[in-house]
Amino acid sequence: MKAENYKFTPRDLAFMEMAFAEAMAVKGKTLPNPPVGAVLVKSGKVVGRGGTRPAGEAHAEIVALEQAGAAAAGATLYVTLEPCGHFGRTPPCSRALIEAGVARVIAACSDPNPLVAGAGLAQLRRAGISVETGLLGDRAEALYAGFFFWVRHGRPRIVVKIAQSLDGRINARRGVETALTGPEARRFAHSLRARADAILVGGETVRVDDPDLTPREIPGAPHPEILVLSRKMKPSNKYHIFTAGRKSGTWVISGKKFTKTAKISAKLPEKPEKLSIIQLPEKWPLARELIDIFTSRGYHEVLVEGGRAAWSPFLNAGLCDELDLITAPALHPGGERWDAGLRPGWVKPLEFHRFTPLGSDILAEFRRHL
């Protein structure tokens, strides 16, 4: 997204960075609303700041206005997404900004929601407020990619990330933990985690690799919820995703009849309420059944990160919206092929987007035709 014909200053950039920090601080806590950050500045000083509260409560702009009080008059608002101009669960933010006497609004991007779609910005302009858009617009497009997709298509955006060797293997051999990619690729993977509302992995990935599935290399990034797809996954505190101290919940999606969640949780460390079981019929779930679960949870974007059992349903059903295939400069002739079990023609809905070097690895991005 390109900026409009305005000259943004380094100070503008710094204050918008603060707004994005506010947005990231509430990410995962606002669903089904997007995480928005807002900062009010007057005479070069921050007079109010905040992020969107849980659905039905105040939006980021209102939080910042309440903090600023009378100092909001004549101030500049930096906000990561266009202020709403309609009544929903809460009154329109545009009206509150006008009534508070805000002089200037800089929004990173507009909102494609048909209820907003430029109407909020138009109301501000009609009231004589200076409005500019596009500052850190690319970052906003990345942060809200899932939300924008959800608005336009009525379901979460599905992103599949796969790491392979030059000969198409995902490990040295089955059942062996294999580190394929380097630090740059790992940081890219963590940026995908930071963007997602949830991560889906297979039970075998948990048992073999024991990943923690946190975006630990992205400072300040929230922890997405973890979903484990398995017929026989038994939650245990020997796995990172079930240990105490996690900042997000872990859900097990199973085709097997589990005992009561409380009985399983009793074997885990403190805070067992963060473990939940989604019981499915014995028939193993298809992509659309999984998407129904994601939708019911209010997710905007789900990262499918580990194991063929996790990503194959989406690729085979043509319901992968972004495929990030990372190739490492290694050969593992005894390993498992990542595309084993995929149906002929699975790639047809996808089109190549770009290649990006990640240190010694190469990222190939594909996007779904829509």
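In the predicted model, a network of salt bridges links Arg157, Arg195, Glu301, Glu322, Arg354, Glu365 and Arg367. The structure holds 24 salt bridges. Within the network, glutamate 301 pairs with arginine 195, with 2.6 Å between the closest N and O atoms. This contact joins distant parts of the chain, since glutamate 301 belongs to strand E11 and arginine 195 to helix H7, 106 residues apart. Glutamate 301 and arginine 195 are both buried.

A further salt bridge is formed by the side chains of glutamate 305 and arginine 193, at 2.7 Å from N to O. Glutamate 305 lies in strand E11 (residues 301-306) and arginine 193 in helix H7, so the pair ties together parts that are 112 residues apart in sequence. Both glutamate 305 and arginine 193 are buried. Helix H7 itself comprises 13 residues (residues 183-195); at 1.5 Å a residue its expected span is 18 Å, which agrees with the 19 Å between its end C-alpha atoms. Buried residues of H7 include Ala185, Phe188, His190 and Leu192.

Arginine 155 and aspartate 321 also meet through their side chains in a salt bridge, at 2.8 Å from N to O. Arginine 155 is located in the loop between helix H6 (145-153) and strand E6 (157-165), and aspartate 321 in the loop between helix H11 (308-316) and strand E12 (322-328), 166 residues apart. Arginine 155 counts as buried because its relative accessibility is 12%, and aspartate 321 counts as buried at 4%.

Aromatic contacts comprise 10 pairs. The ring centres of phenylalanine 147 and phenylalanine 148 are 6.0 Å apart and their planes are at 50°, so this pair is tilted. Phenylalanine 147 and phenylalanine 148 are buried, and ring pairs link them with Tyr144 and Trp150 into a cluster. An edge-to-face pair is formed by phenylalanine 352 and phenylalanine 366, with 5.8 Å centre to centre and 70° between the planes. Phenylalanine 352 lies in strand E13 (residues 350-358) and phenylalanine 366 in strand E14 (residues 361-368), so the pair ties together parts that are 14 residues apart in sequence. Phenylalanine 366 is buried, with a relative accessible area of 19%, whereas phenylalanine 352 is partly exposed at 42% relative accessibility.

Phenylalanine 352 also contributes, with Phe355 and Ile362, to a nonpolar surface patch of about 320 Å². Isoleucine 362 is in strand E14 and is partly exposed, at 39% relative accessibility. Elsewhere, the charged end of arginine 139 sits over the ring of phenylalanine 20, at 5.4 Å from its centre.

Definitions and conventions. Residues are numbered from 1 along each chain as its sequence is written. This is a predicted model: local features need pLDDT of at least 70, side-chain atom pairs count only at pLDDT 80 or more; totals for chains, interfaces and linings use all residues. Side-chain values use heavy atoms; hydrogens and water are left out. Rings of Phe, Tyr and Trp (its six-membered ring) pair if their centres lie within 6.5 Å; planes under 30 degrees apart count as stacked, over 60 as edge-to-face and the rest as tilted. Buried means under 20% relative accessible area, exposed over 50%, partly exposed in between (1.4 Å probe, protein chains only). Helices (H or I, at least four residues) and strands (E, at least two) are DSSP runs, numbered from the N terminus. A charge sits over a ring if NZ of Lys or CZ of Arg is within 6 Å of the ring centre and within 35 degrees of the ring normal. Patches are made of residues with over 30% relative accessible area and no salt bridge: like charges are joined within 9 Å, nonpolar side chains (Val, Leu, Ile, Met, Phe, Trp, Tyr) within 5 Å. Accessible areas come from the Shrake-Rupley method with a 1.4 Å probe; for residues, only the protein chains shown count as cover. A salt bridge is a side-chain nitrogen of Lys or Arg within 4 Å of a carboxyl oxygen of Asp or Glu. The expected span of a helix is 1.5 Å times one less than its number of residues.
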